[in-house]
Amino acid sequence: MSAKIIPAKRTENITYAVRDIVVLANEVAKTGKEMLYLNIGDPNLFDFEPPKHLVEATYQAMLKNKNGYSPSSGIKEAVEAIRKEGSRKGIENILDIFVTTGASEAIDICLTALVNEGENVLTPTPGYPLYTAIQSKLQAYKIHIIWMKQIIGSLILTTLKRR
Ligand SMILES: Cc1ncc(COP(=O)(O)O)c(C=O)c1O
């Protein structure tokens, strides 16, 4: 007999549109309909190739077994390179640098570090659904800032809606 796995209550309101829609799309695909998946824009499927020197450096590092744990504060050379790139782009007020595996991890870490349960978070909508998914996980209130196009063409803040 297998035990029933009960998800934590905090997961009840978590939605993640770009991934949730795949469940529905897969159901439709079973009927034989051809599907065009536009939910995730993977650049590698189109015209993006990672720079060759980056691929080569990763390969060489792994050959040298340099793929273990890094220092908690980051690999010094990498942190310095990021600071330098920030400076080249005119960003001078960097207090700290930490590297994550993609934007998703950074968004989760930052929101988790900053938002308490029941607090309000302003979220532009439409927007990338991960922000609201994490707010749901943290049991924060989402205040959706709804952007609409004004006649003159600039984006203006029109409505604040609490959900
Ligand atoms: C606005 C925005 N934020 C976050 C993400 C997630 O980024 P990553 O795939 O690096 O985790 C995406 C991905 O498309 C995005 O478009």
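Modeller: Helices here are DSSP runs of H or I with at least four residues, strands are DSSP runs of E with at least two, and both are numbered from the N terminus. This is a predicted model: local features need pLDDT of at least 70, side-chain atom pairs count only at pLDDT 80 or more, and totals for chains, interfaces and linings use all residues. Residues are numbered from 1 along each chain as its sequence is written.

Colleague: In what order do the elements of the protein chain run from the N terminus on?

Modeller: The protein chain has 5 helices and 3 strands. Read from the N terminus on, they run α-α-α-α-β-α-β-β.

Colleague: What percentage of the residues of the protein chain count as buried?

Modeller: Count the other C-beta atoms, placed from the backbone, within 10 Å of a residue's own: 20 or more means buried, 12 or fewer means exposed, and in between means partly exposed. The protein chain has 163 residues, and the share that count as buried is 3%.

Colleague: Which residues are buried in helix α5?

Modeller: Helix α5 covers residues 130–137. Its buried residues are T132, A133, I134 and Q135.

Colleague: Just after α5, which residue takes a positive phi?

Modeller: Most residues other than glycine have a negative phi. In the loop between α5 and β2 (141–149) sits a residue that is not glycine, yet its phi is near 55 degrees. That residue is Q139.

Colleague: Is Q139 buried, exposed or partly exposed?

Modeller: Around Q139, 14 other C-beta atoms lie within 10 Å. Q139 is therefore partly exposed.

Colleague: How many residues of α2 are buried?

Modeller: Helix α2 spans residues 52–63, which makes 12 residues. The helix lies largely in the open. That is because the number of buried residues in α2 is 0.

Colleague: Is N65 buried or exposed?

Modeller: N65 is in the loop between α2 and α3 (76–88). Just after α2, N65 takes a positive phi of about 60 degrees. Only the neighbour count settles the matter: with 7 other C-beta atoms within 10 Å, N65 is exposed.

Colleague: What span should the 12 residues of α4 have at 1.5 Å a residue?

Modeller: The expected span is 1.5 Å times one less than the number of residues. The end C-alpha atoms of α4 are 16 Å apart, which agrees with the expected 16 Å.

Colleague: At what angle do α4 and α5 pack?

Modeller: Two packed helices are described by the angle between their axes and the distance between the axes. Axes are lines fitted to C-alpha atoms, for helices over the stretch in contact, and angles run from 0 to 180 degrees between N-to-C directions. The axes of α4 (residues 103–114) and α5 are 10 Å apart, and the angle is about 35 degrees.

Colleague: Which residues of α4 and α5 make the contact?

Modeller: Two residues are in contact if their C-beta atoms, placed from the backbone, lie within 7 Å. From α4 come S104, I107, D108 and L111. From α5 come L130, Y131, I134 and Q135.

Colleague: Which residues are around the ligand?

Modeller: A residue is near a molecule or strand if its C-beta atom, placed from the backbone, lies within 6 Å of it. The residues around the ligand are G102, A103, S104, Y128 and L130.
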